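Got your viewer open? Let's take a walk through this structure together, one selection at a time.

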Amino acid sequence: MTPITSEIVELRDLALTEDERSALSAVVARLARTAPAVVDEAAWQARARLGGCHLPPRLLAAIRGFRYDAGVDGRLTITNLPIGAEALPPTPTVPESVEREATTPATVAMLIGLQLGEVIAYREEKHGALVQNVVPVPSLATSQSNGGSVQLEFHTENAFHPDRPHYVGLLCLRPAHEDRVGTQVASVRRAFPLLDEGSRTVLREARFVTVAPPSFRSASESEPHPVLLGNEEDPDLCVDFHATSALDDKADQALAALREALTEVRCDLVLRPGDMVFLDNRLVVHGRVAFRPRYDGNDRWLHRVFVHLDNRRTRSRRAGNGAVLF
Ligand SMILES: O=C(O)CCC(=O)C(=O)O
Ligand SMILES: [Fe+2]
């Protein structure tokens, strides 16, 4: 009998073999040929859920293992994914750009997201489209949004929102002109041991408020909330270092201590074309280093998808049992 090795139970860095990539490409091609070839259509999503059963077994195992527990780093990286590089159009440069067509990369992002959970979007953000483009936009250059090119502060995605995504998926279509431009990530599981007991106690209390990011059309603000939630020793994290403010001085100091701890354990992910990372949005904050876009059609380009678990939980906030939250 073959012993179960840790490589089999913990595939958190999965490089697809050429055979696995071909098997995935065949599923993608079938979905691209089937009407309606629009990822936002419920009928297409139903086909994609079925198609997902034919993904390479190692990929399915990695997704399942990640959903069970995202590990100390809270992320799953998959490389050598097909993205149809030869047919990619120029990198978009307009605000709120999305991909509704079942192109190869949009289909790949959806197929994997739909195996991890339910792919969802927000009505108030990027027109409620499920596959969104992360691209530098001239008019947003200095904004704290994914269209910006200044340093993007560490954040839980949509930290202000009671139904923030459980996972954020980022698939790279095109790298930045400069080599080292990357998404930065930091896991609370690595940062928590660095925090003193006083800061931990304050961070567990409802002494913080968070406003909506600039990508949201509605300007809502959260109720006072804790930054560390759930289990005392293995907490979830909910914070946005641009949008969260402390309600008193002690809370402000604790927030600064948390930021320092997260910065100490942070990791730079430089995604290459065909690399996709899923972040557990309860354990990991993400941001991005500053970079210099050229707006020449060859800038950095990622697809982003959000994934939820337990569709019933949000049923009253989704019209027609669809994928868009309001
Ligand atoms: O550009 C990146 O790597 C991440 C941007 C971001 O925070 C997002 O798209 O949610
Ligand atoms: Fe983000």
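Start by selecting the donor residues of the iron ion (ligand 2), which follow the spacing H-x1-E-x128-H in sequence. Keep in mind as you click that this is a predicted model. Which atoms hold the iron ion (ligand 2)? They are NE2 of His 155, OE of Glu 157 and NE2 of His 286, at 2.0 to 2.1 Å. Now switch on a surface: are His 155 and Glu 157 buried or exposed? Both of them are buried.

**Next stop: the sheet**

Stay with His 155 and look across to strand S14, where His 286 is its bridge partner. So you have two iron donors, His 155 and His 286, facing each other as a bridge pair. Color S5 and S14 to see the antiparallel pairing, which runs over two bridges.

Zoom out a little and you'll find an open sheet of four strands in the order S5-S14-S7-S12, paired antiparallel. Its edge strands are S5 (152-155) and S12 (267-269), each with a partner on one side only. From one strand to the next, the twist averages 20°. What keeps strands like these together? Strands of a sheet pair through backbone hydrogen bonds.

Now go back to His 286 and look to its other neighbor: Val 185 stands opposite His 286 in S14. S7 and S14 run antiparallel and are joined by five bridges. Carry on from S7 (residues 183-187) to S12, and you'll meet another antiparallel pairing, this time over three bridges. One spot to click there is Thr 183, whose bridge partner in S12 is Leu 269.

Next, show helix H8 (residues 249-265), which packs on the sheet and touches S5, S7, S12 and S14 (284-288). The direction of H8 makes about 115° with that of S7.

Before you leave, how many of the five residues of S14 are buried? The answer is five. On one side you have Val 284, His 286 and Arg 288, and on the other Val 285 and Gly 287, so select both faces and check that they're covered.

**Last stop: salt bridges**

There are 17 salt bridges in the structure. Here are some to visit.

Select Glu 20 and Arg 58, whose side chains meet at 2.7 Å, N to O. Glu 20 sits in helix H2 (residues 18-33) and Arg 58 in helix H4 (residues 57-68), 38 residues apart. Glu 20 counts as buried because its relative accessibility is 12%, under the 20% cut-off. Arg 58, at 29%, is partly exposed.

Then jump to Glu 125 and Arg 304, a salt bridge at 3.6 Å, N to O. Why does this pair tie together parts that are 179 residues apart in sequence? Because Glu 125 lies in the loop between S3 (118-122) and S4 (132-134), while Arg 304 lies in S15 (residues 301-308). Glu 125 is buried at 0% relative accessible area, and Arg 304 is buried too, at 5%.

Now try Asp 163 and Arg 313, with their closest N and O atoms 3.5 Å apart. Asp 163 is in the loop between S5 and S6 (167-174) and Arg 313 in the loop between S15 and S16 (324-325), so this pair links parts 150 residues apart in sequence. Asp 163 is buried at 3%, whereas Arg 313 is partly exposed at 33%.

To finish, select Asp 69, Arg 189 and Asp 234 together: they're linked in a network of salt bridges.

Definitions and conventions:
Residues numbered from 1 in each chain as written. Chains lettered and ligands numbered in written order. Predicted model: local features only at pLDDT ≥ 70, side-chain atom pairs only at ≥ 80, totals over all residues. Heavy atoms only, no water. Pairing = 2+ DSSP bridges. Axes fitted to C-alpha atoms, helices over the stretch in contact; angles between N-to-C directions. Contact = heavy atoms within 4.5 Å. Donors = N, O, S within 2.8 Å, 3.2 Å for Na, K, Ca; no water. Buried < 20%, exposed > 50% of the residue type's maximum accessible area, 1.4 Å probe, protein only. Salt bridge = Lys/Arg side-chain N within 4 Å of Asp/Glu carboxyl O.
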